[in-house]
Amino acid sequence: MKYMEDTQMESLLVRYYNGELSAEDIEKVETWMKASASNMKLAEQVYYICFASDALDIKRSVDTGKAFRKVRGRISAERFKGFLRKVERVAAVMFLPFIGLTAWLLFEMAGDFTSSVEIRSTAGMVSCVTLPDNSKVWLNSDSFLRYPSRFGKERRVTLYGEGYFEVTKDPKHKFIVEAKNAEVVVHGTEFNVESYEDEYVRTTLVSGVVDMNYDDRNHHRKSLRLMPSQQAVYNTKTGVMHLREENVLCNTSWRDGKIVLDNTSLEDALRMIGNKYNVSFIIKNDNHRHYKFTGTFSNQNLDVILRYFNISSNIRFRQVDERQTGRDGSAGRSVYEVI
């Protein structure tokens with residue numbers, strides 16, 4: 001059954017590269033390619049085969065410029081476009097006998113063609129992905145991670161939402177997490193990065209050492225080194241950075257589907273709950289802000305958790321009709337007022 005599915009997709013990919021698909025089928029193919037690194041790899045292999053086939057056709061044609069423009073027009077990766085321009089200039093000099101050799105070189109130099117992979121975790125779910133260097137990343141609810149299908153001189157990824165990283169040690173290749181206008185730079189360690197739609201980027205170090213690069217209030221690039229059990233809280237709007245000791249378990253328990261509170265402020269507790277259940281809280285009564293909470297929630301639904309806060313501290317919640325706007329312009333998180 002898996003073989004039949006791959007064969008059908010290969011057929012669709014060939015038609016995709018030939019420009020023969022409808023808009024609906026194009027969206028289907030591109031969604032499938034982004035779904036996993038293995039899908040992207042298969043798509044690249046089919047592309048190379050299509051290119052080699054075009055190269056054979058070029059051998060039978062004198063109009064090399066037109067043929068190269070046809071092939072080049074199918075490629076979206078800017079680096080690969082530049083490589084094809086170099087190939088076109090070479091072909092103009094070496095002419096047809098070496099077109100076959102060019103196709104072979106494309107196979108051998110496939111590492112120069114770096115496509116982008118994006119993994120998303122839906123609301124209320126936790127996802128796990130293994131990166132090309134065997135590093136592992138867990139994604140919290142409503143998060144996504146973008147990374148190249150092959151790492152080069154550095155291992156750079158982009159995070160929106162929250163991710164827990166177990167980075168494979170490789171002293172020769174830095175691992176960099178981009179989160180808004182901040183970067184977390186590591187070599188091999190475990191840490192948590194939170195970067196949702198508010199103005200904060202929070203990095204909690206579990207083990208090892210990381211550097212957090214950021215722009216201060218004067219727009220100067222700064223670097224802060226974290227040690228285990230420390231959390232850096234960076235305000236991307238004001239440029240202010242705070243470093244504090246944190247309970248690692250409280251900030252990473254979401255990976256196991258839990259919310260762990262240990263003398264945790266109401267504001268931080270609601271932030272953790274909001275990330276897990278894809279909701280936002282607006283504290284209307286400032287008298288509640290000094291409350292601290294301790295407890296563990298595993299499989300309870302949101303209503304049960306909010307009832308716990310109501311019973312323990314007489315805090316009431318009211319859901320408002322409007323939703324926050326998502327990062328893509330769609331309806332985002334539900335909003336609750338804390339009264």
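The legends below describe several views of one predicted model.

**Figure 1. The whole chain of the predicted model, with its helices and strands.** The chain has 339 residues, of which 47% are buried, and along its length there are nine helices and 18 strands. Among the contacts whose partners are separated by 6 or more positions, 47% join residues that lie 24 or more positions apart. The chain exposes about 18,300 Å² of area, and carbon and sulfur atoms supply 50% of this exposed area.

**Figure 2. Close-up of Ser-115 and the residues around it.** Ser-115 is placed in the loop that runs between helix H6, residues 99-108, and strand S1, residues 116-121. Its relative accessibility is 10%, and because buried means under 20%, Ser-115 counts as buried. Leaving aside residues up to four places away in sequence, Ser-115 touches Met-40 and Glu-44, and it also touches Tyr-147, Pro-148 and Ser-149.

**Figure 3. Close-up of the largest nonpolar core.** In soluble globular proteins, nonpolar side chains tend to be buried together. The largest nonpolar core in this model holds 44 residues, and those with the most contacts inside it are Leu-13, Leu-131, Leu-145, Val-157, Phe-165 and Phe-191. Helix H3, which covers residues 37-59, gives the largest share of this core, namely five residues.

**Figure 4. Close-up of Val-157 and its contacts.** Val-157 is one of the residues with the most contacts inside the largest nonpolar core. When residues up to four places away in sequence are not counted, the residues that Val-157 touches include Leu-131, Leu-145 and Phe-165. Val-157 also touches Arg-146, Tyr-147 and Phe-151, as well as Phe-175, Ile-176, Val-177 and Glu-178.

**Figure 5. Close-up of the second nonpolar core.** Separate from the core of 44 residues, there is a second core of 22 residues, which includes Cys-250, Met-272, Ile-273 and Ile-315.

**Figure 6. Close-up of the largest cavity and its lining.** Rolling a probe the size of a water molecule over the atoms shows where empty space is left. The structure holds one cavity of 30 Å³ or more, and about 110 Å³ of space lies in the largest cavity. This cavity is lined by 13 residues, and the closest to its centre are Glu-162, Cys-250, Asn-251, Trp-254 and Met-272. Helix H7, residues 248-252, and helix H8, residues 266-277, each supply at least two lining residues, and the largest share, four residues, comes from H8. Sorted by class, the lining has four nonpolar, four polar and five charged residues.

Definitions and conventions: Residues are numbered from 1 along each chain as its sequence is written. This is a predicted model: local features need pLDDT of at least 70, side-chain atom pairs count only at pLDDT 80 or more; totals for chains, interfaces and linings use all residues. Side-chain values use heavy atoms; hydrogens and water are left out. Buried means under 20% relative accessible area, exposed over 50%, partly exposed in between (1.4 Å probe, protein chains only). Contact means heavy atoms within 4.5 Å. Accessible areas come from the Shrake-Rupley method with a 1.4 Å probe; for residues, only the protein chains shown count as cover. On a 1 Å grid over the protein atoms alone, a cavity is a set of points where a 1.4 Å probe fits but cannot get out, and a pocket is an open set with protein on both sides within 12 Å along at least five of seven lines; lining residues have an atom within 4 Å of a point. Grid points are joined across faces, edges and corners, and a volume is the space filled by probe spheres set on the points. Ala, Val, Leu, Ile, Met, Phe, Trp, Tyr, Cys and Pro count as nonpolar, Asp, Glu, Lys and Arg as charged, and the others, Gly among them, as polar. A nonpolar core is a set of buried Ala, Val, Leu, Ile, Met, Phe, Trp, Tyr and Cys residues joined through side-chain atoms within 4.5 Å.
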